[in-house]
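Hello,

Here is the structure I promised to pass on. Have a look at it first, and then read on for what I found in it.

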Protein chains: 2
Amino acid sequence: MAADKLLPAKERIIKAAERLFYDEGIQAIGIDRIIQEAGVALNTLYKYFPSKAVLVERYLRDRDVRWRKWFNSYTRPEATFKHNILSLFDALNDWFHEETFRGCAFINAAGEFGDTKSDIFEISREHKKNIYLDVLKLCHDSNVINPEKLTRQVMIIIEGAIVRAYLNDDKDAALWAKEVCLLLLENYD
Amino acid sequence: MAADKLLPAKERIIKAAERLFYDEGIQAIGIDRIIQEAGVALNTLYKYFPSKAVLVERYLRDRDVRWRKWFNSYTRPEATFKHNILSLFDALNDWFHEETFRGCAFINAAGEFGDTKSDIFEISREHKKNIYLDVLKLCHDSNVINPEKLTRQVMIIIEGAIVRAYLNDDKDAALWAKEVCLLLLENYD
DNA sequence: TATTTCCTAGAACGATAGTTCTACCAAGCC
DNA sequence: GGCTTGGTAGAACTATCGTTCTAGGAAATA
């Protein structure tokens with residue numbers, strides 16, 4: 001409907017799909033809703049994306065890159081690894097308070113399709129692994145004995161905060177999580 | 001197909017629906033699959049459940065009760081609250097190592113439907129709140145100053161472990177989580 | 001024997017949604 | 001002018017799926 005007519009059609013499709021998929025779920029959104037929201041013809045969509053599945057993949061892969069880029073932007077190379085890890089919870093806190101927050105797109109996608117649609121599930125797994133690796137890189141800069149273990153525990157706190165913020169509507173979950181993480185970082189052997 | 005013919009039809013339907021919904025997702029399972037798995041006729045299903053939505057609700061409500069009953073069975077009234085809370089992670093550890101583990105049914109359901117199908121989303125929210133209240137009750141038996149805050153933080157660790165165990169295939173997530181929780185309990189003001 | 005209850009088998013309806021097809025328009029370029 | 005490119009509009013095909021309908025069987029009860 002009210003899509004920016006300035007962008008080329010393909011970009012408008014991607015933008016519309018992303019918003020709708022995240023807001024209302026992948027299976028809940030039909031092609032019709034997407035072309036309506038993007039303001040393009042049905043033919044145009046199928047010209048750029050041969051099937052809905054391809055568009056969904058594109059949505060997830062794009063979001064993986066963009067989300068992590070945004071997430072990591074809260075860290076700085078010159079800061080201590082403790083400071084950087086704690087900063088991630090500031091990112092979460094900002095996210096949770098956004099009007100558009102509707103949980104983790106990948107947890108939701110995995111919930112929609114499970115192992116059955118293995119493509120989508122695998123992308124979700126990769127996303128989670130990618131975040132893990134990003135955090136692991138932060139820990140590697142420290143003199144922590146077991147960075148893998150620490151990263152796993154940090155990731156547990158991060159994922160838990162996301163779920164709580166969404167399903168328990170606890171928008172301050174990042175604050176409580178940050179406290180726990182601080183405790184973890186200070187008491188780490 | 002190979003359903004116990006001993007149980008009455010309604011029970012077989014519930015059992016089949018539960019297994020299929022949890023294993024493959026709610027939207028992924030059609031009525032046909034359920035009646036096939038339960039070994040009942042289509043008419044029989046519609047006799048007991050006027051619509052799929054009703055059956056889904058039944059599935060979720062039943063699972064909420066059963067899951068929490070199982071979860072709480074790891075605690076004992078005579079034990080200290082610290083011991084009881086840590087025992088919850090033993091429960092999670094057992095769960096994660098089950099062959100049938102496929103994450104939290106309610107996180108998955110919420111991911112499938114989002115706020116759109118508000119009934120299902122609300123049941124998922126209630127489930128999460130119920131667990132929170134169960135844990136809060138454990139904390140109330142202690143002399144902790146701020147039991148609500150502690151409970152929130154414990155819940156973050158629990159939810160995080162579940163997500164990690166599922167989406168990162170980290171079956172030992174409960175062990176790392178238990179360590180974090182121990183740290184939290186020992187350093188609590 | 002008649003009747004009710006519980007169940008089965010399978011066709012059929014109706015809506016939705018992904019996908020394809022036909023027809024057409026406007027702009028830029030050779 | 002003719003051709004390609006990129007787009008629109010909308011009908012139509014196809015499959016799936018939730019749901020309803022018809023017909024009938026088997027066992028218990030009156």
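Which exposed residues does α4(A) carry on the face turned away from its buried side? Please keep in mind as you look that this is a predicted model. The residues in question are Val54(A), Val65(A) and Lys69(A).

The buried side of that helix is worth a look too. Leu55(A), Val56(A), Tyr59(A) and Leu60(A) are the buried residues of α4(A). Viewed down the helix axis, these buried residues stay within an arc of 135°, so they line one face of α4(A). Their packing partners are α1 (9-24), α6 and α7 (118-140) of chain A. As for its length, α4(A) covers residues 52-72, and its 21 residues should span 30 Å at 1.5 Å a residue; the end C-alpha atoms are indeed 30 Å apart.

Now for chain A as a whole. Its secondary structure consists of nine helices and zero strands. The C-alpha trace extends over about 60 × 30 × 30 Å along its principal axes. Of the 189 residues in chain A, 40% are buried. Among contacts with a separation of 6 or more in chain A, 58% join residues 24 or more positions apart.

Chain A splits into domain 1 (1-50) and domain 2 (61-186). Taken over C-alpha atoms, the centres of these two domains of chain A lie 28 Å from each other. Seven residues of domain 1 of chain A make contact with seven residues of domain 2 of chain A. On the domain 1 side, the class split is three nonpolar, two polar and two charged residues.

One residue I stopped at is Phe101(A), in the loop between α5 (81-96) and α6 (105-113) of chain A. Is Phe101(A) buried or exposed? Neither label fits: it has 15 C-beta neighbours inside 10 Å, and therefore counts as partly exposed. Setting aside its neighbours within four places in sequence, Phe101(A) is in contact with Trp95(A) and Phe96(A). Trp176(A) is 75 residues away from Phe101(A) along the chain, and the C-alpha atoms of the two are separated by 18 Å.

Next, the place where the two chains meet. On chain B, 42 residues are in contact with 42 residues of chain A. Four helices of chain B each supply at least two residues of the side that touches chain A: α6 (105-113), α7 (118-140), α8 (147-167) and α9 (173-186). The largest share of that side, 13 residues, comes from α8(B). By class, the side of chain B that touches chain A holds 19 nonpolar, 11 polar and 12 charged residues.

Two of those helices deserve a few more words. α8(B) is mostly covered, with 18 of its 21 residues buried. From first C-alpha to last, α8(B) reaches 30 Å, close to the 30 Å expected at 1.5 Å a residue. Just after this helix, Asp169(B) adopts a positive phi of about 55°.

In α7(B), the buried residues include Ile120(B), Ile123(B), Ser124(B), His127(B) and Lys128(B). Further buried residues of α7(B) are Ile131(B), Val135(B), Leu138(B) and Cys139(B). The cover over them includes α8 (147-167) of chain A, along with α4, α5 (81-96), α6 and α8 of chain B. The 23 residues of α7(B) should span 33 Å at 1.5 Å a residue, and the 32 Å between its end C-alpha atoms agrees with that.

Finally, the DNA. Which residues are closest to DNA strand C? Of the 15 residues that surround DNA strand C, the closest are Gly30(A), Ser51(A), Ala9(B), Ala41(B) and Thr44(B). Here α3 (42-48) of chain A and α3 (42-48) of chain B are the elements that give two or more residues. The surface near DNA strand C comprises eight nonpolar, six polar and one charged residues.

Around DNA strand D there are 16 residues, and Ala9(A), Ala41(A), Thr44(A), Gly30(B) and Ser51(B) come nearest. The elements giving two or more residues to this surface are α3 of chain A and, from chain B, α3 and α4 (52-72). By class, the surface near DNA strand D has nine nonpolar, six polar and one charged residues.

Happy browsing, and best wishes!

Terms used: Residues are numbered from 1 along each chain as its sequence is written. Chains are lettered from A and ligands numbered from 1 in the order in which they are written. This is a predicted model: local features need pLDDT of at least 70, side-chain atom pairs count only at pLDDT 80 or more; totals for chains, interfaces and linings use all residues. Two residues are in contact if their C-beta atoms, placed from the backbone, lie within 7 Å. Ala, Val, Leu, Ile, Met, Phe, Trp, Tyr, Cys and Pro count as nonpolar, Asp, Glu, Lys and Arg as charged, and the others, Gly among them, as polar. A residue is near a molecule or strand if its C-beta atom, placed from the backbone, lies within 6 Å of it. A residue is buried if 20 or more other C-beta atoms lie within 10 Å of its own, exposed if 12 or fewer, and partly exposed in between; C-beta atoms are placed from the backbone. Domain bounds come from an automatic or database domain assignment. The expected span of a helix is 1.5 Å times one less than its number of residues. The arc is that of the directions from the helix axis to the C-beta atoms.
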